[in-house]
Amino acid sequence: MSFETIQYEENDGYAVLTLNRPERLNAFTGVMHAEIREALDKVAANKANRAMILTGAGRGFCAGQDLNDRVMGDDDAPPPDLGHTLETLYNPLVRRIRALEMPVISAVNGVAAGAGANLALGGDLVMAARSAKFIQAFCRIGLVPDGGGTWLLPNLAGRAKAMAMAMLGEPVSAEEAERIGLIWKVVEDDALMPEARKLAARLATQPTAGLTAIKQLITAAASHSLDEQLDLERDTQQRLGRSHDYREGVRAFLGKREPVFKGE
Ligand code: T3D
């Protein structure tokens, strides 16, 4: 499968989507958005894909919007409609990744800035190379964190850290990101992709429908009361209790053997 701005691979039960404009730290362009959409269609269309890795080529993960596409003309020229780009490009991307019916691993190989940082943080399991850093660069150009940033940051790291990151735009190291709960874990630079692949291959053997439900419930919890969440757990467990993988899991446990999950 050949793309201009990304690489796409399917392997061993999982897909790898690599942002691939290393000379621009994988900054987003319209073409890249379109290619990511096409790749996500492929991920979802193939039942054999039961996990996805999102990463970047070169020394960066993603530097957010390519600002070369936002060159300001003279003051009389009409400004770009950023509401339109969020509505048509960034918001659908974030929603699409959240809705993907499999775990998404962000393997953050280097600097993640602007919408690139929030794309990374929106993954379900976020791993970062020790040299990676996260920058809410928006305030430096008069914008607010987008790509879900104003929701993700306080939910992950709390209001105080969210405010400082969003208002100061300073780099947060991978180690600090792990310490404050922004990401799951830091690994050595050269271990990042081997570890991400090992994790994706393992997830691809697990009960995918159950993992997808975990992702949905934990996301829903951010806006639900305990009562609402208890109801959702009841309904979800009722559905999963009728699934192949639940039957298989219980039978395997009682039979003292390894389960063979189908993902359904
Ligand atoms: O516009 C809309 O539709 C609304 C949506 C907005 C979403 C957003 O993401 S807004 C935020 C946009 N991103 C930024 O403001 C980040 C800009 N980049 C940086 O601040 C720095 O590049 C980094 C902190 C990310 C990395 O710094 P450093 O020193 O490691 O690398 P560098 O030298 O700045 O960058 C390397 C090259 O990539 C360089 O090109 P050159 O000089 O070698 O030809 C640089 O210009 C280019 N580059 C990096 N980020 C961008 C970029 N080119 C275009 N757009 C970028 N975002």
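**Entry 1: the end of α4.** I started just past α4, where Gly-158 takes a positive phi of about 90°. I should jot down early that this is a predicted model.

**Entry 2: α4 itself.** Next I stepped back into the helix, which spans residues 149–157. Which of its residues are buried? I found Gly-149, Leu-152, Leu-153 and Ala-157. Looking down the axis of α4, I saw these buried residues fall within an arc of 95°, so they line one face of the helix. That fits the textbook rule: an α-helix has 3.6 residues a turn, so residues three or four places apart point the same way. I then asked what covers the buried residues of α4. The cover includes α2, α3 (115–121) and α5 (159–168).

**Entry 3: around the ligand.** I moved on to the ligand and its shell of 26 residues. The closest are Gln-65, Leu-67, Arg-70, Thr-85 and Ala-115. By type, I have 14 nonpolar, five polar and seven charged residues in the shell.

**Entry 4: polar atoms at the ligand.** I checked the backbone and found an N or O atom of Ala-63 at 2.9 Å from a ligand nitrogen. Gln-65 also brings a polar backbone atom, 2.8 Å from a nitrogen of the ligand. With Arg-70 the side chain takes part: one of its polar atoms lies 2.7 Å from a ligand oxygen. On its own the ligand has 1,000 Å² of accessible area, and the protein covers 69% of that.

**Entry 5: which elements contribute.** I noted that α2 (82–99) and β6 (111–113) are the elements giving two or more residues to the shell. The largest share, four residues, comes from α2, a helix I had already met in the cover over α4.

Notes: Residues are numbered from 1 along each chain as its sequence is written. This is a predicted model: local features need pLDDT of at least 70, side-chain atom pairs count only at pLDDT 80 or more; totals for chains, interfaces and linings use all residues. Side-chain values use heavy atoms; hydrogens and water are left out. A residue is near a molecule or strand if one of its heavy atoms lies within 4 Å of it. A polar contact is a pair of N or O atoms within 3.5 Å; within protein, one must be able to donate a hydrogen and the other to accept it, and residues adjacent in sequence count only if both atoms are side-chain atoms. Accessible areas come from the Shrake-Rupley method with a 1.4 Å probe; for residues, only the protein chains shown count as cover. Ala, Val, Leu, Ile, Met, Phe, Trp, Tyr, Cys and Pro count as nonpolar, Asp, Glu, Lys and Arg as charged, and the others, Gly among them, as polar. Buried means under 20% relative accessible area, exposed over 50%, partly exposed in between (1.4 Å probe, protein chains only). The arc is that of the directions from the helix axis to the C-beta atoms. Contact means heavy atoms within 4.5 Å.
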